Every structure is written in C-alpha cells, then in structure tokens.
Amino acid sequence: MSSTLFTLFGMNVVSDSPKLACDKEPNHPPTIQEYIEFLKNQVYSPSAVTPGLVPDSEVKIQCQVRARIPTTQGGEMYLYLYKNNQDTKEHLAIVYGDDIRSKSLDQTWENETIMNRIVRGAYYGRLQEVVNDESRTLTLTEDQEQYLEEQQAKAKNEWKLLSDPPMVRIHSECFTGETVHSARCDCGEQLDSAMEQMQEAGRGVIVYLRQEGRGIGLLEKLKAYNLQDLGHDTVAANVLLSHPADGRTYGIANAILKDLQLSNVNLLTNNPDKISQLESFGSINVVKRKSMVPRSWSSPAITNLSEGGSNTNSAMPSPSLLRNELTRSESPILSGASTPRSEMDKYLAVKVKKMGHILDLPDDLKP
C-alpha cells in the first residue's frame, strides 16, 4: 500500500516501497535534495538496449529520440535526434505534421517496455497526462499501463502517411547566422523562413545537419571571416585556408528523409548542387524547387510595409526585421561604412556568381 513519504512544495511524494521511507524528525522540513534522491530510486527498468551502429562506407542512421516542441509563435513541431555511423554528431529533423514518422524510431528495441518507448518518443498520437501528485514515479500502475497500451494501439491503427510531397529544407548549422545574427550570411533568415512556411502549411521537414561553415567547422569559419575583412570573398577565403569552397555532403540528409518515409519532396533551396547530390542517391525525387529570396532583396515588400501593408513574402521572418531594414535604408550612410545589407549582398552575390546559386541579382549587383 502506498504511503506519503513527505510533502514538498505542496506535492505529496508517495511510494509503496518501505525502504524509501524518510528517517527524520517528524517536524523536519523536507528538502529538494531529498526529493532528488527519492527520484533516483524511481528510474524505470529494465533498460532498453540501444541498437548499435557499425562504422561502414554505407551511411546508416538511427533516430534515437523525438519530442514535441511547442513554439513561441503558437505552433509546434517534433524534434527528431539522429545518430549515424559516419560521424559522432547529433543531426536533427524538425518535423511539422503528425503523419511524418521515423521508421528507425518505431522499431522495437531489446528489453523495451511501453515506458521505454514513451520516454524516447516512439509513441503514436498525443500523450496524455497520466501522472499526478500521487504518482511521481516512472513505474506505471497496471491500470496506467493498460490504458496507454490501448491508447497506443488505437492511435497506431489511425495513423496514415499522406501522399502529397511535403515541403523540405536541408539546412546546415550556422551558429553565426542563427544565434548571433551575423549579417555575413542569410542562413538565419532562411531557417526562420522555412520554419514559418512549414508551420503555416502544417506539414514539412527541416533536416538540420551539423556541418558549420559549409563543412569546415566554426574554428576555420572564423578564420575565413578575418580573410574576408581583408577583401577576400567567401569562396576565396575557404580555399586560401586549404578547404573546398563548399565541403557539405548530403548522404546523411538522404538517409534521414528515407527514414522519415519520404520519396517525393518540394525542396526549399537556391543551391542546384544540393538537388543533384540529393537525387544522386536514388531514394529522393525533388518534385519542385522553391526559391528562398533574401529579405534585403525584396524591396517591394519593404515598400509595401512602409505604406502600412503587411508582410506577404514567405522569405521574410518578421515585420519587425523588415522595419529595421526600412529604417536602415532611410538613414544616411557614411562613405565607406559597412552596413548589414552591404555585408549580406557581397556574400549572396558570390554565391550566385561563383557557386551557381539560382537567384536573380538586383540591378545594383549585376556585372
């Protein structure tokens, strides 16, 4: 029979194990450390055995966990974390829509219980709160386990993958563009735009690859930035540091999309090399390519906003950023001064002229 061990922050900590009873003065107030020690004894068992990934020339991936992520914009996505046999990095898939699922996540692991599957996100439908203040352990009661098994069986039976090609973005990690808002690239706004479009559509996948700096890593990328400040462009800077102009590969992205049971996709990209590499594996067909127009090149939308209109360009993350761009365009610029737009324009022009990206250059950047 369960008994209350102690009450912490208004919550009753309950256990049916006599060895966990608190040996202390009746009036001794419980501490958070006592609660933590109590929880350490509640770890669920037996532990599931994680399948191994053997190093091989063939790319093999495995989704080891997923979780629902509600966003500050009011929507939600599922974040899938992948391990692979090519590197030690944790590549990700940001998935919008309940119909897109990972085959490797759904596989049954050795010694696995229903709680093991729930903890690693291998469940169908939506989880419901079956835990309350009277039950803070990871050991389910018989009624709870039966309820979850019935709920999962029903949700799995109702699941169906839609046939329409989803919107897909294969995005390489960019700490400088996404986190510290660097104007040396458009990576941050591309990620924001892809997420906004997929959230609005209610369906889509962003494969987030850990290949910073077009594959050279953050250390070498920052060195390249210093060379760019001397006047070298982004391609020359990489090559001068003995790196390829673009060292990214998409074998892991192909494997992740295949694991998500997708064969036809609408790809958000300006990069033709990304399309040819992805299709070369023979698993994924790019049905349609959708351009990602830089915010600073979308003057009609800026003009519209200045006249009181709304932002309808899908490549623009937020009206506030547009207003900042508008403010900058109206402010006097000192001769020779660098501006966020001029920094971005130099980078984008090189990608079009030297790397073959498919974008129409503004008149002031054409040869």
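Here are legends for a set of close-up views of this structure, which is a predicted model.

**View 1. The whole chain, before zooming in.**
The chain is built from 13 helices and nine strands. Of its 367 residues, 44% are buried. Looking at contacts with a separation of 6 or more, 61% come from residues 24 or more positions apart.

**View 2. The cavity and what lines it.**
Rolling a probe the size of a water molecule over the atoms shows where empty space is left. Searching the whole structure turns up one cavity of 30 Å³ or more, and its volume is about 390 Å³. The lining has 32 residues, and Cys187, Arg214, Arg248, Tyr347 and Lys351 are the ones nearest the cavity centre. Sorted by type, the lining residues come out as ten nonpolar, twelve polar and ten charged. Several elements chip in with at least two lining residues each: strand S6 (167-172), helix H6 (187-201), helix H7 (217-229), helix H8 (234-240) and helix H13.

**View 3. Thr234 and its partner Arg214.**
Thr234 sits in helix H8, one of the elements that supply at least two residues of the cavity lining. With a relative accessibility of 7%, Thr234 counts as buried, since the cut-off is under 20%. Its side chain makes a polar contact of 3.0 Å with the side chain of Arg214, and Arg214 is also among the residues nearest the cavity centre. Setting aside residues up to four places away in sequence, Thr234 touches Gln228, Tyr347 and Val350 as well as Arg214.

**View 4. His357, just past helix H13.**
Look for His357 in the segment after helix H13 (340-353). His357 has a relative accessibility of 9%, so it counts as buried. Not counting neighbours within four places in sequence, His357 is in contact with Lys351 and Val352, and also with Asn270, Asn271 and Pro272. Of these, Lys351 turns up again among the residues nearest the centre of the cavity, while Asn271 is the capping residue in the next view.

**View 5. Helix H10 from end to end.**
At the N-terminal end of H10, Asn271 acts as the cap, with a side-chain oxygen 3.0 Å from the backbone nitrogen of Asp273. Within the helix (residues 272-280), the buried residues are Lys274, Ile275 and Leu278. These three span an arc of only 100 degrees around the axis, so they are on the same side of H10. The cover over those buried residues includes S6, helix H9 (251-259), strand S8 (264-268) and strand S9 (285-290). After H10 comes Gly282, which has a positive phi, near 85 degrees.

**View 6. Arg210 and a stretch from far away in sequence.**
Arg210 is in the loop that runs between strand S7 (204-209) and H7. Its relative accessible area is 25%, so Arg210 is partly exposed. Arg210 and His91 are 119 residues apart in sequence, yet their C-alpha atoms are 5.9 Å apart in space. Once neighbours within four places in sequence are left out, the contacts of Arg210 are Lys89, Glu90, His91, Leu92 and Glu173. For Glu90, there's a polar detail to pick out: its backbone oxygen is 2.9 Å from a polar atom of the Arg210 side chain.

Methods:
Residues are numbered from 1 along each chain as its sequence is written. This is a predicted model: local features need pLDDT of at least 70, side-chain atom pairs count only at pLDDT 80 or more; totals for chains, interfaces and linings use all residues. Side-chain values use heavy atoms; hydrogens and water are left out. Helices (H or I, at least four residues) and strands (E, at least two) are DSSP runs, numbered from the N terminus. Buried means under 20% relative accessible area, exposed over 50%, partly exposed in between (1.4 Å probe, protein chains only). Contact means heavy atoms within 4.5 Å. On a 1 Å grid over the protein atoms alone, a cavity is a set of points where a 1.4 Å probe fits but cannot get out, and a pocket is an open set with protein on both sides within 12 Å along at least five of seven lines; lining residues have an atom within 4 Å of a point. Grid points are joined across faces, edges and corners, and a volume is the space filled by probe spheres set on the points. Ala, Val, Leu, Ile, Met, Phe, Trp, Tyr, Cys and Pro count as nonpolar, Asp, Glu, Lys and Arg as charged, and the others, Gly among them, as polar. The arc is that of the directions from the helix axis to the C-beta atoms. A polar contact is a pair of N or O atoms within 3.5 Å; within protein, one must be able to donate a hydrogen and the other to accept it, and residues adjacent in sequence count only if both atoms are side-chain atoms.
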